[in-house]
Amino acid sequence: LIFDDALAIEEQVVGIDGISAEQAPPAQDIKANGVSLEAISVIGTTPDFPDVRDYAIADGRYFNAVEDNRKAKVAVLGAGIASDLFGDESPIGQSVTVGSTKLTIIGVMEAKGMVSDTDYDGRIYLPINLVFQKYMTTMSISSDRVRTIYIKAESQDKINSVITQITVLLADRHDVDANAPDFN
């Protein structure tokens, strides 16, 4: 899957209420407030991430489409990372260095804990276009590849229609048979 697949779904599929593309570059060391943390999960996402993934902001805000398109150097911290770096102090407006890139913290996610071996509180969330530019350039895979595209249907009764539309659209975009797709 590539980022343009997500954009095509957003533009062409009827019955969706949000879409979030995600990419995870290699883990990064982060530094802020005199504290260093090693091998932190960085997740590049799109602005609909909190709504599509049903994951609320506890403090501040999530980045918007303009910030994503402009590759703004902003970050949203998982609750555990915020606590590790800043204790009880609000990190909003503070700086965090992710790898070698200095970013401004604009939000903190609500505590979510572990879900299926994923520590949501131990992640840092960045605009996906910033991740493509700063963290995926040394990867051997295409720098616009996405790991996952999440879609939120408008309602339960639209799910089958949305699945069919996405399958047909992606099969056409990837030039594969819809009955033997190169995606799932």
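This passage walks through one helix, a set of salt bridges and two loop residues of the structure above. The model is a predicted one.

A convenient place to begin is helix α6, which covers residues 159-174. With 16 residues at 1.5 Å a residue, α6 should span 22 Å, and its end C-alpha atoms are indeed 22 Å apart, so the expected and computed values agree. The buried residues of this helix are V162, I166, L169, L170 and A171. Their cover is drawn from several elements, including helix α1 (3-12) and the strands β1 (16-23) and β11 (148-153). Directly after α6 comes D175, and the phi angle of D175 is positive, near 55°.

Strands β1 and β11 return in the charged pairs. Side chains of opposite charge can pair when their charged atoms come close. The structure holds 6 salt bridges. One of these joins the side chains of E22 and R53, with an N to O distance of 3.0 Å. Because E22 lies in strand β1 while R53 sits in the loop between α2 (49-52) and β4 (57-60), the pair ties together parts that are 31 residues apart in sequence. How accessible are the two partners, given that buried means under 20% relative accessible area? E22 has a relative accessibility of 1% and therefore counts as buried. R53, with a relative accessible area of 18%, is buried too.

A second pair links K152 with D51, where the closest N and O atoms are 3.2 Å apart. K152 belongs to strand β11 and D51 to helix α2, so this salt bridge ties together parts that are 101 residues apart in sequence. Here both residues are partly exposed: K152 has 28% relative accessibility, and D51 has a relative accessible area of 40%.

A third salt bridge is formed by E67 and R61, whose closest N and O atoms lie 2.6 Å apart. E67 counts as buried because its relative accessibility is 14%, whereas R61 counts as partly exposed at 37%. Beyond single pairs, salt bridges that share partners join E22, R53 and R147 into one network.

R61 deserves a little more attention. This arginine is placed in the loop between β4 and α3 (65-69). Apart from residues up to four places away in sequence, R61 touches E67, V76, I106 and G107. With E67, the side chain of R61 also makes a side-chain polar contact at 2.6 Å. By contrast with these contacts, S161 is 100 residues away from R61 in sequence, and their C-alpha atoms are 32 Å apart in space.

The other loop residue is P91, found between α4 (79-86) and β6 (95-98). Is P91 buried or exposed? Its relative accessibility is 4%, so P91 counts as buried. Which residues does P91 contact once its neighbours within four places in sequence are left aside? The list consists of D59, L77, A82, F86, I105 and V108. For V108, the separation from P91 is 17 residues in sequence and 7.9 Å in space, taken from C-alpha to C-alpha.

Key:
Residues are numbered from 1 along each chain as its sequence is written. This is a predicted model: local features need pLDDT of at least 70, side-chain atom pairs count only at pLDDT 80 or more; totals for chains, interfaces and linings use all residues. Side-chain values use heavy atoms; hydrogens and water are left out. Helices (H or I, at least four residues) and strands (E, at least two) are DSSP runs, numbered from the N terminus. The expected span of a helix is 1.5 Å times one less than its number of residues. Buried means under 20% relative accessible area, exposed over 50%, partly exposed in between (1.4 Å probe, protein chains only). Contact means heavy atoms within 4.5 Å. A salt bridge is a side-chain nitrogen of Lys or Arg within 4 Å of a carboxyl oxygen of Asp or Glu. A polar contact is a pair of N or O atoms within 3.5 Å; within protein, one must be able to donate a hydrogen and the other to accept it, and residues adjacent in sequence count only if both atoms are side-chain atoms.
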